[in-house]
Amino acid sequence: MKYTLMHKNISVADVEIDEDLGVITNIDIISARDHLPVGVVHQLRHDETVDRYALNQWWAGRSIPASRMGVNEALEVLGVSSTKQLITKCLGLSLSDHYWLRPYNSNITWEAVNFFDNDFSDDIGDVLFGVNNKNVGFDFVSPDNTSDGNLQKRWKIIDGKRCLLKSGSAPYSQQPFNEVIATMIMDRLGIDHVPYSVTWIEDKPCSVCEDFVTKDTELVSAWRVLQLRPKANHENEYLHYVSLCKELGVDIVPALDRMIVLDYIIANEDRHFNNFGLLRNANTLEWSGAAPIFDSGTSLWYNKTASRFVANDIICKPFKKTHGEQLRLVSSFDWLDISKLNGIEDEILNVLCEDKAVRYVEAKRAKAIAAEVRKRIDALEVVSASHTSYDVSSSDGDVEDNASARYI
Ligand SMILES: Nc1ncnc2c1ncn2[C@@H]1O[C@H](COP(=O)(O)OP(=O)(O)OP(=O)(O)O)[C@@H](O)[C@H]1O
Ligand SMILES: [Mg+2]
């Protein structure tokens, strides 16, 4: 079927979509080149044509990943064979950016359909969370059709605000509590972040955070920024990203310094290139800077038994293979006041040993986590006190090319 790819009320391109395959089969007239999704213009040609493969990669990235927990069961209930088929059922609308599909020659406006202003159905979220009480007659108009990430999640309007609810994973369901602990650490250190709290759904812990994207300012992931041009021979992934941001007018180094320090403290294992990025004004296309830090839950030894905490087998992303090496990329610790973290261990214990939480993360494990965090803060203090500049272009310990990106 033919659609116009829209950016708010701007017609960007006319496209043909095979809805069974969930694929863009043809790109017709491009009417607003500047408003195309970031990084879909042909990199290897100089004629600035749109790369249909790249546009399809962007498009596929709008669908729920096949690796999402419980997605096969959900698709079965919905009677749909692939998550790609769900996108057009909500006109491709999302709560993380402002792209959508308008049926060709229709005159629907952004105001009439966007999920920032207009209510949406709970049906898809219910099915994704396995709490549906209907098996037919689903209302597919929901931003849950276009949400990314592996954990079970849903958008919900709570007190008029668009909120993202996200579960944890077996065996400890620790991610929602970790989001709260990361929030506390970033509060104390003055790092710009999305605040998370915990709620309980059918006795399972979930994190809740508000939508940080607004009607005017949208999220563009680091992964999309990296698609703007290929990495030069002399660049590693860190320099590639820093240079591209600079080309867009954003000095990203201070925000990366803070993200790397946070991830060191909480031993984050999943800061891939879709878990951070930039914000831009969707109307003027002006870049506003780094997005606030979100998705820090895959951390704090979330899936390891306490006996493995000391094994030091923490995965590190996105730039270096170990957090120690990644910490060397930090340009300045001048903003870091380690004393602000005094007593954080008690707060961590409060979160993990709260009445219901203790059923998932037992007290002994919680104490071990708090003790490990303290060790990492102490080590960070030493590193930051003896900080000397490091050659950020060094490729020592680099994560293999793009290995930390989520492949679509
Ligand atoms: N508060 C928010 N406001 C707007 N968009 C958000 C928000 N939180 C997350 N997103 C978007 O939703 C995507 C999925 O969310 P998130 O990364 O928290 O899920 P996840 O399942 O933990 O992901 P992963 O697979 O990386 O573990 C993010 O990559 C981002 O694009
Ligand atoms: Mg994520």
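This briefing describes salt bridges in the structure above and the accessibility of residues that form them. The model is predicted, so that local features need pLDDT of at least 70 and side-chain atom pairs count only at pLDDT 80 or more, while totals for chains, interfaces and linings use all residues. Residues are numbered from 1 along each chain as its sequence is written, and side-chain values use heavy atoms, with hydrogens and water left out. The structure holds 27 salt bridges, a salt bridge being a side-chain nitrogen of Lys or Arg within 4 Å of a carboxyl oxygen of Asp or Glu.

**Pairs with partly exposed residues**

- Asp28 and Lys2 meet through their side chains in a salt bridge of 3.2 Å, N to O, and this pair links strand S3 (residues 23–30) with strand S1 (residues 2–7), 26 residues apart; strands (E, at least two residues) and helices (H or I, at least four) are DSSP runs, numbered from the N terminus.
- Asp28 has 37% relative accessibility and Lys2 has 24%, and each counts as partly exposed, the class between buried (under 20% relative accessible area) and exposed (over 50%), with a 1.4 Å probe and protein chains only.
- Asp203 and Lys356 form a salt bridge at 3.9 Å, N to O.
- Asp203, at 39% relative accessibility, is partly exposed, as is Lys356 at 27%.

**A pair of buried residues**

- Asp398 and Lys320 form a salt bridge whose closest N and O atoms are 2.7 Å apart.
- Asp398 is buried at 16% relative accessible area, and Lys320 is buried at 1%.

**A network**

- Salt bridges link Asp122, Asp126, Arg154 and Lys156 in a network.

Conventions: Chains lettered and ligands numbered in written order.
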